[in-house]
Amino acid sequence: SPSDDYLSEIVSSTVRGLSYDIAWNDTYWCADDEKNGAAFYCYYPFIIDCDKAYVAEINDKIAGLATSFMPTRLSRDDYGYVDGFVTYMSEEKLSIVLEYYYQHEGNEEFYLTALNFNMKTGEEISIQEMLPAFEFMADFREGCEIQNGYYVTEVLDKMTNEDIQAAILDP
C-alpha cells in the first residue's frame, strides 16, 4: 500500500479533494477463436472532473501509450497486460506508471514506463521535474536497503547520488 515503509510493488496513490479526479479504463481483448486461450488486458487511469482544456490531450497520451502495447495479433495461449498506476498526484503534478507484461511462444517481455504531467499547464514533464533529486535519492536509498538488503546497499554506498540517478534514468 502507499503507506508501506518499503518498496515492494507498484501501487496507486490517488488523492481526493483536488481540482480533478481519476477513473479507470478497463479493456480486454481476446482471440476470435474462444479455444485459442489468448488474452490481453489493459487497465489504466484517466482524468475526470476537471474543466481544464488540456485534460483531453493528457488522457489521449495516457490511453495512446497504454494501448500501444497491445499486440497486433494474439497467437494461441498468448497472455499479456498493461496495468496503470497513479504514483503521484497533486494540484501541481501527476505521474502515471504503466507496467507492461506479455508472454508469447514461451518468451516473456516486461517493461515499465512513466508519464509525468504539470497539472497547471498540461505539459508533459521529465522525471527530474517530478521530485527534487536529493529527496528522491534519500527515499530510494532507504527503500532499496529495506527491500533488497545489505548486498545491494553495499553497492549503492560506493555510488554517488548522481551515478545512481543516471543509472535509473538511462538504464
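Glu105 sits in the loop between strand 4 and strand 5. This is a predicted model, and in it the phi of Glu105 is near 50°, a positive value in a residue other than glycine. Most residues other than glycine have a negative phi. Glu105 is exposed, with a relative accessible area of 64%. The loop belongs to the hairpin of strand 4 and strand 5, which has two residues between the strands.

The two arms of that hairpin pair in the antiparallel sense, over 12 bridges. Within this pairing, Gln103 stands opposite Glu108 in strand 5.

A second residue with a positive phi is found in another loop. Asp49 is not a glycine, yet its phi is about 55°. Its place is the loop between strand 2 and helix 1. Asp49 has 60% relative accessibility and therefore counts as exposed.

From these loops the description can widen to the whole protein. The protein contains four helices and five strands. Read from the N terminus, the elements follow the order β-β-α-β-β-β-α-α-α. Of the 171 residues in the protein, 33% are buried. Among contacts with a separation of 6 or more, 57% are between residues 24 or more positions apart.

The strands form an open sheet of five, ordered 1-2-3-4-5, with mixed pairing. Strand 1 (21–30) and strand 5 are the edges; each has a single partner strand, so one side of each is left without a neighbour in the sheet. On average, neighbouring strands of this sheet are turned by 15° against each other, direction ignored. In general, the strands of a sheet pair through backbone hydrogen bonds, in a parallel or an antiparallel manner. The antiparallel sense is that of strand 4 and strand 5, as described above. Strand 2 and strand 3, by contrast, run parallel and are joined by five bridges. On strand 2 (39–48), Tyr41 stands opposite Tyr81 in strand 3.

Helix 1 lies across strand 1, strand 2, strand 3, strand 4 and strand 5, and runs at about 165° to strand 2. Helix 1 spans residues 55–68, 14 residues in total, and reaches 20 Å from its first C-alpha to its last, close to the 20 Å expected at 1.5 Å a residue. Its buried residues are Val55, Ile58, Asn59, Ile62, Ala63 and Ala66. These residues cover an arc of only 125° around the axis, which puts them on the same side of helix 1. What covers them includes strand 2 (39–48), strand 3 (79–89), strand 4 (93–104) and strand 5 (107–118).

Two residues in the strands illustrate how the sheet brings distant parts of the sequence together. Ser95 is in strand 4. With 6% relative accessibility, Ser95 counts as buried, because the cut-off for buried is under 20%. Leaving aside neighbours within four places in sequence, Ser95 is in contact with Phe85, Val86, Thr87, Tyr88, Leu115, Asn116 and Met130. Of these, Phe85 is one that falls in the range of strand 3 (79–89), and Leu115 is one that falls in that of strand 5 (107–118). Ser95 is also 9.1 Å from Asn118, C-alpha to C-alpha, with 23 residues of separation in sequence.

Tyr79, in strand 3, has a different degree of exposure: at 33% relative accessibility, Tyr79 counts as partly exposed. Not counting residues up to four places away in sequence, Tyr79 touches Ala39, Tyr41, Tyr101, Tyr102 and Gln103. One of these, Tyr41, is the residue that stands opposite Tyr81, and another, Gln103, stands opposite Glu108. Tyr79 and Cys30 are 49 residues apart in sequence, while their C-alpha atoms are 9.2 Å apart in space.

The last topic is the aromatic rings. The structure holds 11 aromatic pairs. Ring pairs link Trp29, Phe40, Phe69, Tyr100, Tyr102 and Tyr111 into a cluster. Tyr102 is a member of that cluster and is also among the residues that Tyr79 touches.

How values were computed
Residues numbered from 1 in each chain as written. Predicted model: local features only at pLDDT ≥ 70, side-chain atom pairs only at ≥ 80, totals over all residues. Heavy atoms only, no water. Phe/Tyr/Trp six-rings, centres within 6.5 Å; stacked < 30°, edge-to-face > 60°. Expected span 1.5 Å × (residues − 1). Buried < 20%, exposed > 50% of the residue type's maximum accessible area, 1.4 Å probe, protein only. Arc of directions from axis to C-beta. Contact = heavy atoms within 4.5 Å. Pairing = 2+ DSSP bridges. Axes fitted to C-alpha atoms, helices over the stretch in contact; angles between N-to-C directions.
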